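I opened the file to look up its sheets, its helix contacts and its pockets. My entries follow.

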Amino acid sequence: MRGSLYVKLIMAYIIFGILSFTSIAILSSKMTYNYLIKTKSKTLYDEANLIANAYSNNYIENTTSLIEAYPQIKLVGTFLHSDVWIIDNNGKIILDSSDQNTNKLINNFNPINFANKSYIIGSFFDSFSYEVLSVLAPISANYKIYGYVLIHNPITNLNKDANDILNIIYLSSIIIFGLSLLILFIFHTQIYMPLRTITVAAKQYALGNLKYQINVANTDDEIGYLAGTLNYMSNELSKAEDYQRDFITNISHDFRSPLTSIKGFLEAILDKTIPYEMQDKYIEKVLNETSRLTKLTNGILSLNQNDTKAYLHRSDFDINNVIKKVAESFETQCIDKNITLELNFFNELSIVNADINKIEQVLYNLIDNSIKFSNKNSTIFISTTKKYEKLFISIKDTGIGIPKNNINKIFDRFYKSDLSRGKDKRGTGLGLAIVKDIILSHKETIDVISTEGIGSEFIFSLRLSHKEYIEF
Ligand code: ADP
């Protein structure tokens, strides 16, 4: 990982820095030098021309005395940090601003050397031991050249100016390089490091460590959002894993106890521990245990079906009819415990829109519980009420009730309250979980009101059919 993208990026950055710095250095020094020579030679040439023109007039008017020009030439020379010469056609120096070369003859002087250039760079016909930039302007009058004005500026002056400008350019490049280094640092801390943390976390998740939490300090940007989402995902996966583990533990436990009893009873019958005349009683117990196992298997299948979000087969039907039908199926249990089911409908006909088979199962589980947990000789009230487009169905008993601290758990899978264990040995703890799943898949609600020792009421809602809603 380290050897890949990140290192490549750093290497690219360093190479980019070196290349750009070198090219800036080469290009800018060349360009600055050329620019300075151009501007300097132009300034010197203009000055030389000014002097030449002034003395041309003297020649035209025949009033010339070059000696008079000396103070002005000296002034210009000092001002321009240059040597100003006036020479005649033969190359003899008539005036020198520094006064050192006056009357000297420039060997091989030939103005043709300037050709069409306004300046030349060099030792000017070996007159200087160092490099100078020389410009030349002719003193002419009446179409005749009388001499030349020459200005020589040492190249070292020019180099000094060039260095001053280059220093500014180099300093700016160093500042830009430094700033980009800062950007690289920000990239490193704000993007690279958090991404690395996320990658480490992803590896941990892949290894099965779903409890691993990503700590990314900045939570406002996309990376923070990604880290948050991954944390959420791992939490959910971890919960699902815990849930799956609990689920298997519960199933194994709930299957093992009836199987142990069945095994025990059958072995006792086989080895005649249970006498022949008692066998029917124990075979009935075995049958009860097998029906509990069947109920458990059906419950798990039903939950699994709801889990996979099995498609709801919605239709319009009369809920009163369904309630009556389900209530009738409990006739035997009611007779056994002398329980009365009192039905009280809001209207003769209440058409709801839902999955009829699933709602039948909800009613079955709720009525089954209320009978199981009701005392003998009691009444269970089943009623419907309407509010806006909803119909509320209530199943209310006067049974054992649910302890306050258990009420939140009764919809959990495999939950059986301690109170109920004694009353209902065949309970699976899946009935209410199935009820809740079905109601939620209908996007409806289910509530419970219960007081220990007084009774419980379960109320769930259903959507009235569109027609029904308009009519009322
Ligand atoms: P079970 O198969 O055990 O009935 P349920 O999921 O249907 O499983 O119910 C879970 C638990 O909720 C029950 O064990 C019982 O403690 C409690 N419960 C459900 N309905 C009632 C009720 N009408 N009265 C009292 N307790 C109830």
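I began with strands β9 (residues 379-387) and β10 (residues 390-396), which run antiparallel and are joined by seven bridges. Helices (H or I, at least four residues) and strands (E, at least two) are DSSP runs, numbered from the N terminus. Threonine 384 has isoleucine 393 in β10 as its bridge partner.

I noted the origin of the coordinates: this is a predicted model, where local features need pLDDT of at least 70, side-chain atom pairs count only at pLDDT 80 or more, and totals for chains, interfaces and linings use all residues. Residues are numbered from 1 along each chain as its sequence is written, and side-chain values use heavy atoms, with hydrogens and water left out.

I then followed the sheet outward. Its five strands have the order β7-β9-β10-β12-β11, an open sheet with mixed pairing; two strands pair if DSSP finds at least two bridges between them. β7 (340-344) and β11 (446-451) are the edge strands, each pairing on one side only. From one strand to the next the twist averages 15°.

Next I looked at the other sheet of five strands, which is open, antiparallel in its pairing and ordered β2-β1-β5-β4-β3. Its edges are β2 (93-96) and β3 (119-122), and its twist averages 25° from one strand to the next. Four bridges join β3 to β4 (residues 132-141), and glycine 122 stands opposite valine 132 in β4.

I checked which helices lie across this sheet. Helix α2 (residues 70-80) lies across β1 (83-88), β2 and β5 (144-154), at about 140° to β1. Helix α3 (residues 155-206) lies across β3, β4 and β5, at about 50° to β5. Axes are lines fitted to C-alpha atoms, for helices over the stretch in contact, and angles run from 0 to 180 degrees between N-to-C directions; contact means heavy atoms within 4.5 Å.

I turned to α8 and α10, whose axes come within 9 Å and cross at roughly 145°. Residues making the contact include Ile359, Val362 and Leu366 of α8 and Leu432, Val435 and Ile438 of α10.

Last, I looked up the largest pocket (an open set of points on a 1 Å grid over the protein atoms alone, where a 1.4 Å probe fits, with protein on both sides within 12 Å along at least five of seven lines; lining residues have an atom within 4 Å of a point). The largest pocket is lined by 34 residues, with Asn369, Lys372, Phe373, Gly431 and Leu432 nearest its centre. α8 gives the largest share of that lining, eight residues.
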